[in-house]
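Grab your viewer and work through these exercises at your own pace. Each one sets a task and then walks through a solution.

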Amino acid sequence: MSISFNEDIACFVEGSSEKAIMDLLIDNDCLVFTSDNLADEQFLSMQEISKKKIDLFSQRILSQVNRDDKMDIIIVQDRDIWPDFKAIYQEKIGNIYIVQTKPEIEMLMIHERGLFSEYQKVKSKKSPKAFLSNELQLPEKTITSYTYLQKYFTPDNLKQAILSHSQTTRPSKGILQLRDLLKEV
């Protein structure tokens, strides 16, 4: 799928695993946008668009968008949460894209290690995180940490894992995959 994003983007990531993956991709020029396009030139936490904080984000970021421009919102998450922006800010928002990492971002590691078939045999009993913890003989907390993921993946094996994972999942209509954010796929 070829997507053309607006010049200004606010990209939210659900947790440290998603942030590690997205930072690795953007730092190695693998995405169809650059950090120059991002609000605050970085990925933002999902907490910024929680019900309690969405007004602060809107005032801080969306109020700065020029009248003739629009900001696209990208949300990288494994859930189906849609933000609720007040009507006053709706005219400043272009499109809202949900990039789903279901069931978990750890599926990328399973694909990278060539363990997808093995995981399919136990997926009703084990989460991807528990499966990897057992395979790698590491605590679950370690394999999902920002530092571990940044060291684990190279840009090339991460892109290959994303492509492999995208072939095994079917997102809901209107939902994107990480693959849709990659350059030259």
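Before starting, one cut-off: a residue is buried when its relative accessible area is under 20%, exposed when that area is over 50%, and partly exposed in between. Keep in mind that this is a predicted model.

**Exercise 1. Find which residue pairs with D23 in a salt bridge, and classify both partners by accessibility.**

Step 1: The partner is K19, with the closest N and O atoms 2.8 Å apart.
Step 2: D23 has a relative accessible area of 9%, so D23 is buried. K19 comes out at 28%, which makes K19 partly exposed.
Step 3: Now place them: D23 and K19 sit 4 residues apart in helix α1, or about one helical turn. An α-helix has 3.6 residues a turn, so residues three or four places apart point the same way.

**Exercise 2. Work out which parts of the chain the D40 and R60 salt bridge ties together.**

Step 1: Check the distance: the closest N and O atoms of D40 and R60 are 2.4 Å apart.
Step 2: D40 belongs to the loop between α1 and β2 (44-45), while R60 is in helix α2 (residues 54-60), so the pair links parts 20 residues apart in sequence.
Step 3: Accessibility next: D40 is partly exposed at 39%, and R60 is partly exposed at 37%.

**Exercise 3. Do the same for K121 and E118.**

Step 1: Their side chains form a salt bridge, 3.2 Å from N to O.
Step 2: Both residues are in helix α5 (residues 116-122), 3 residues apart, about one turn of the helix.
Step 3: K121 is exposed at 59%, whereas E118 is partly exposed at 40%.
Step 4: Zooming out, D40, E48 and R60 are joined into one network by salt bridges that share partners. The whole structure has 6 salt bridges.

**Exercise 4. Explain why C11 and C30 form no disulfide.**

Step 1: The cut-off is 2.5 Å between cysteine sulfur atoms.
Step 2: The closest cysteine sulfur to that of C11 is in C30, 14 Å away, which is too far for a bond.
Step 3: Both are buried, C11 at 0% and C30 at 5%. A search of the whole structure turns up 0 disulfides.

**Exercise 5. Test the length of helix α9, then see what covers its buried residues.**

Step 1: With 12 residues (155-166) at 1.5 Å a residue, α9 should span 16 Å, and its end C-alpha atoms are 16 Å apart, so the two agree.
Step 2: The buried residues of α9 are N157, L158, A161, I162, H165 and S166.
Step 3: Their cover includes α1 (16-27), α4 (107-112) and α8 (146-152).

Notes:
Residues are numbered from 1 along each chain as its sequence is written. This is a predicted model: local features need pLDDT of at least 70, side-chain atom pairs count only at pLDDT 80 or more; totals for chains, interfaces and linings use all residues. Side-chain values use heavy atoms; hydrogens and water are left out. Buried means under 20% relative accessible area, exposed over 50%, partly exposed in between (1.4 Å probe, protein chains only). Helices (H or I, at least four residues) and strands (E, at least two) are DSSP runs, numbered from the N terminus. The expected span of a helix is 1.5 Å times one less than its number of residues. Contact means heavy atoms within 4.5 Å. A salt bridge is a side-chain nitrogen of Lys or Arg within 4 Å of a carboxyl oxygen of Asp or Glu.
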